[in-house]
Amino acid sequence: MSNVRGNSVESLITGILMGLSLIVAIGSQNIWVLSQSMVNPHRVTIALTCILCDVLLIITGVFAAVKIQAFLPALLPFLMWGGVALLLWLAAQALTRAWKGNGGLQVAPQQALSARKTCLVALGISLLNPHVYLDTVVLLGNIGSLQPQPEIFAAGAIVASIFWFSSLVWLAPKLKVWLSSPLRWRIFDGTVAVVLIVIAVKLASIEV
């Protein structure tokens, strides 16, 4: 029983850390969420739309990968090493930004949208970005399928998404000020890189 509980906690923590490491990497989606949350009254709509997109993609990735690996076990090593390579590549990008970065986050306020348009734009920003499929369906799905309890890993990644987007929309003004500091921006990227490297090493140590 204690072993099962330990595996559950491990999968949950890995899911949360992995989800946060990928979600908080500032890109077009998060820039838009930040800027709209500063001027748009429909912040709940923004958060819920982004979270629901993540939930759908994470669940699809984790459980589709499980089914594929059940029928094609020979793919498992390739998926694992592909995940390791991608994690290290993302970490290298973050480290490069942290090393060379000389500016903070700059967010230009956008014109507020209606609730319907806000939802549609959030869907577009979330789903019309090829990186979101690479991060959630491919990377999180592959790593999740290697966990002792994939469903707990998926729950952890979903918790990370809920936490991040909820924090982003409600704390947007403070985040803008905080991330505008070049030093804090570099620390932020450096932290993301370290977490990605740790998870890559852990994934590489799994016996398949």
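1. A good place to start is helix α9, whose buried residues are Trp185, Phe188, Asp189, Gly190, Val192, Ala193, Leu196, Ile199, Ala200 and Leu203. Here buried means under 20% relative accessible area, exposed means over 50%, and partly exposed lies in between (1.4 Å probe, protein chains only). The 23 residues of α9 reach 33 Å from the first C-alpha to the last, close to the 33 Å expected at 1.5 Å a residue; that expected span is 1.5 Å times one less than the number of residues.

2. Before going further, please keep in mind that this is a predicted model, in which local features need pLDDT of at least 70 and side-chain atom pairs count only at pLDDT 80 or more, while totals for chains, interfaces and linings use all residues. Residues are numbered from 1 along each chain as its sequence is written, and side-chain values use heavy atoms, with hydrogens and water left out.

3. How confident is the predictor? The pLDDT, its confidence in each residue from 0 to 100, averages 79 over the protein, and 78% of the residues score at least 70. Among the elements, α7 has the highest mean, 92, and α8 the lowest, 73.

4. The overall fold is simple to describe: nine helices and zero strands. Both kinds of element are DSSP runs numbered from the N terminus, with helices (H or I) needing at least four residues and strands (E) at least two. Of the 208 residues in the protein, 42% are buried. Among contacts (heavy atoms within 4.5 Å) with a separation of 6 or more, 89% join residues 24 or more positions apart.

5. Next, the largest nonpolar core. Such a core is a set of buried Ala, Val, Leu, Ile, Met, Phe, Trp, Tyr and Cys residues joined through side-chain atoms within 4.5 Å. This one has 43 residues, and Met18, Val33, Leu87, Leu139, Phe165 and Leu196 touch the most other members. The elements giving two or more residues to this core are α1 (2-23), α2 (28-39), α3 (43-71), α4 (76-100), α6 (130-145), α7 (150-170), α8 (172-179) and α9 (182-204).

6. Phe165 deserves a closer look. Leaving aside neighbours within four places in sequence, Phe165 is in contact with Ile23, Gln29, Asn30, Val33, Ala47, Cys50, Ile51 and Asp54. Asp54 belongs to helix α3 and is buried at 4% relative accessibility. Not counting residues up to four places away, Asp54 touches Ile23, Val132, Thr136, Ser161 and Phe165.

7. Following that trail leads to Thr136 in helix α6, buried with a relative accessible area of 6%. With the residues up to four places away again set aside, Thr136 touches Asp54, Leu57, Ile58, Gly61 and Gly141.

8. Why do Cys50 and Cys53 form no disulfide with each other? Their sulfurs are 6.7 Å apart, too far for a bond, since a disulfide is a pair of cysteine sulfur atoms within 2.5 Å. The count for the protein is zero disulfides. Cys50 is buried at 1% relative accessibility, and Cys53 is buried at 7%.

9. Asn40 sits in the loop between α2 and α3 and is buried, with a relative accessible area of 3%. Asn40 and Thr118 are 78 residues apart in sequence and 8.5 Å apart in space, C-alpha to C-alpha.

10. Finally, the record: the unreviewed UniProt entry annotates "transmembrane region" at residues 12-34, 46-66, 78-99, 120-140, 152-173 and 185-206. UniProt positions are in the numbering used here, feature names are shortened, and annotations may be inferred rather than shown by experiment. In the model, residues 152-173 are 95% helix and 0% strand, with end C-alpha atoms 33 Å apart.

Methods. pLDDT = per-residue confidence, 0-100.
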